[in-house]
Amino acid sequence: SSSLKAAPQRWRALAGLWRRLARLATKRLFCPAPGWAAVRAAARENELRGKVVWVTGASSGIGEELAYQLSKIGALLAISARREDELERVKKKCLGGRENNLCNLVPASGFCISPSHSLQCKLNFTTNVGGCFLSKVLKRKRKISNLSERDIHVLRLDLTDRSSHEAATNRVIQHFGKIDVLINNGGRSQRSLFVDTNLDVYEAIMGLNYLGTISLTKHVLNHMIQRKKGKIVTVSSVMGIMGAPLASGYCASKHALQGFFNSLRTELTDYPEISIINICPGPVQSKIIQNVFTEDLAKSIKNSGDQSHKMPTDRCVRLTLVSTANDLKEAWISDNPYLAVCYLWQYAPTWAWWLMNRMGKRRIQNFKSGVDADASYSRKKK
C-alpha cells in the first residue's frame with residue numbers, strides 16, 4: 001500500500017523534471033550564436049527579392065502580413081482570397097505605407113524546427129534584449145516597398161471551387177510569366193466539440209483546408225516541374241502534429257496536409273530544386289478565431305476572447321519567411337508551452353496524451369466561459 005501511495009508523488013516529480021528539461025531545451029539548446037544566426041537568416045531571406053510569390057488567404061491574418069513583409073523584401077506578389085475588396089486594401093497598403101516597428105521583426109525565442117530533421121534545420125533565435133534602436137527611428141508611417149502597381153496582382157480565389165484553380169494558376173503565370181513560390185495559407189480553424197457538430201462542418205473543413213490546398217498545389221506543381229524549380233510552402237499548424245479538443249476537424253485537416261506534403265516530397269526526388277516546406281505555427285494573433293467553424297455552418301463564434309497572449313503575427317511571418325528562404329522541410333513556430341508540448345509529442349507520446357487530457361479539460365472550460373481556449377496556458381508579458 002505504501003508503494004501505491006508513493007506512485008503519484010513519483011509521477012509529480014517526473015512531471016516537474018520534464019517541464020524543467022523542456023524549458024531548457026526549447027530556450028537554449030539550438031541557439032549557440034544568435035547574432036550570427038540573425039545575420040545569416042536575413043541574408044538568405046533577401047533571396048526572395050524579385051521572386052514571384054503567390055499567397056492564398058491574403059486578405060487577413062498571416063496571409064496579409066505575408067504580403068506586407070514580402071513586398072518589403074521586394075518579391076513580386078499574387079495575393080488571393082475570396083474577398084476582393086480586402087485584397088485591394090492589402091495591395092494599397094503594400095504600395096502605400098503603414099506603421100512599422102522593426103523590433104517586432106527581430107528574430108526571437110519560440111522558433112523551432114522539427115527535431116526529426118537534419119542539423120541544418122536546428123535554427124533558433126533569442127530575444128534581442130534591450131530592444132532595437134532602429135525602432136525609435138523607423139516607428140512611423142513609411143512606405144513599405146518600392147513595388148509598382150503591376151508588381152502586385154490581385155486575384156479572387158475560392159479554394160472550395162476546385163474547378164477554378166487551373167484557370168487561376170494560368171492567370172498568375174500569364175501576368176508574371178512564372179510562379180517561384182506558392183504559399184498555401186488559406187483555411188479556417190474550428191471551435192466546437194465533436195458530439196455537438198454536424199458532419200457537414202467536417203466536410204466543409206476538409207474541402208477547404210485539405211482538398212482546396214492540394215488542388216491548387218497540383219496545378220502550380222505542374223508548372224514548377226516544367227521549370228524544374230520552385231517552392232511550395234504550406235501553412236499547417238502545430239495541430240497537425242498533435243491533437244486537441246474543440247478542433248477535431250481542424251486537426252484532421254492539418255494532419256492530412258502533413259501526411260500529403262511529406263509524401264509528395266518523396267515523389268519529387270528527381271527535382272532537387274523543388275522544395276516542399278511545412279510551416280507549423282502555434283497560436284498567433286490573427287482573425288482566425290473570428291472566422292472559425294462552429295457546430296453549425298450557419299453559426300459564427302460570438303466572442304473570440306483576448307488574443308494578446310499569443311505570438312504576434314509579424315513575428316510568426318518573419319520566421320516563416322526565414323524558413324522558406326532556407327528551404328527548411330518543416331518549422332515549428334510557437335511560444336511555450338505549445339512548443340514544449342510539440343517536443344513531448346515527438347519524444348514521449350504517452351506523456352503527451354496524459355498531459356493533453358489534463359490541458360484539454362481546461363481548454364473546454366475556457367471556451368465555454370467565453371474566453372480564448374488557450375488563455376490559461378500563457379502568461380502575459382508585463
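User: Why does Leu246 count as buried or exposed, whichever it is?

Analyst: This is a predicted model, and its values are computed. Leu246 has a relative accessibility of 3%. Buried means under 20%. The value falls under that limit, so Leu246 counts as buried.

User: Where does Leu246 lie, and what is its phi?

Analyst: Leu246 lies in the loop between strand 8 (230-235) and helix 8 (248-267). Its phi is positive, about 75°, although Leu246 is not a glycine.

User: Which other residue has a positive phi without being a glycine?

Analyst: Asp327 is one, with phi near 55°. Asp327 lies in the loop between helix 9 (313-325) and strand 10.

User: What makes Asp327 buried, partly exposed or exposed?

Analyst: Asp327 has a relative accessible area of 32%. Buried needs under 20% and exposed needs over 50%. The value meets neither limit, so Asp327 is partly exposed.

User: Why is the pair of Phe260 and Phe261 stacked, tilted or edge-to-face?

Analyst: Start with distance. The ring centres are 4.9 Å apart, and a pair needs centres within 6.5 Å. Now the angle. The planes stand at 85°, and over 60 degrees counts as edge-to-face. Therefore Phe260 and Phe261 form an edge-to-face pair.

User: How do you know whether Phe260 and Phe261 are buried or partly exposed?

Analyst: Set each value against the cut-offs. Phe260 has 26% relative accessibility. That lies between 20% and 50%, so Phe260 counts as partly exposed. Phe261 has 0%. That is under 20%, so Phe261 counts as buried.

User: Which residues form an aromatic cluster with Phe260 and Phe261?

Analyst: Tyr210 does: Tyr210, Phe260 and Phe261 form one aromatic cluster.

User: What makes Trp332 and Tyr343 an aromatic pair, and of which kind?

Analyst: Their rings lie 5.7 Å apart, centre to centre. The limit is 6.5 Å, so they pair. The planes make an angle of 80°. That is over 60 degrees, so the pair is edge-to-face. Both Trp332 and Tyr343 are buried.

User: Why can we say that this pair ties parts of the chain together?

Analyst: Look at where the two residues sit. Trp332 lies in strand 10 (residues 330-333). Tyr343 lies in helix 10 (residues 338-347). The pair therefore ties together parts that are 11 residues apart in sequence.

User: What is special about the peptide bond from Asn336 to Pro337, and where is Pro337?

Analyst: The bond is cis, with omega near 10°. Pro337 lies in the loop between strand 10 and helix 10.

User: Why is helix 10 called largely enclosed?

Analyst: Count its buried residues. In helix 10, 8 of the 10 residues are buried, so the rest of the structure largely encloses this helix. Among the buried ones are Tyr338, Leu339, Cys342 and Trp345.

User: Now the surface. How do you know whether Phe194 is buried or exposed?

Analyst: Phe194 has 53% relative accessibility. The limit for exposed is over 50%, so Phe194 counts as exposed. Phe194 lies in the loop between strand 7 (181-184) and helix 7 (199-227). With Val195 and Leu199, Phe194 makes a nonpolar surface patch of about 380 Å².

User: Which residues form the positive surface patch, and what makes it positive?

Analyst: The patch is formed by Arg82, Arg83, Lys93, Arg156 and Lys287. Lys and Arg count as positive, so the patch is called positive.

User: Why can Lys93 belong to a surface patch?

Analyst: Patch residues need over 30% relative accessible area. Lys93 has 33%, so Lys93 passes that cut-off and is partly exposed. Lys93 lies in helix 4 (residues 84-95).

Methods: Residues are numbered from 1 along each chain as its sequence is written. This is a predicted model: local features need pLDDT of at least 70, side-chain atom pairs count only at pLDDT 80 or more; totals for chains, interfaces and linings use all residues. Side-chain values use heavy atoms; hydrogens and water are left out. Patches are made of residues with over 30% relative accessible area and no salt bridge: like charges are joined within 9 Å, nonpolar side chains (Val, Leu, Ile, Met, Phe, Trp, Tyr) within 5 Å. Accessible areas come from the Shrake-Rupley method with a 1.4 Å probe; for residues, only the protein chains shown count as cover. A salt bridge is a side-chain nitrogen of Lys or Arg within 4 Å of a carboxyl oxygen of Asp or Glu. The place of a charge is taken as NZ of Lys, CZ of Arg, CG of Asp or CD of Glu. Helices (H or I, at least four residues) and strands (E, at least two) are DSSP runs, numbered from the N terminus. Buried means under 20% relative accessible area, exposed over 50%, partly exposed in between (1.4 Å probe, protein chains only). Rings of Phe, Tyr and Trp (its six-membered ring) pair if their centres lie within 6.5 Å; planes under 30 degrees apart count as stacked, over 60 as edge-to-face and the rest as tilted.
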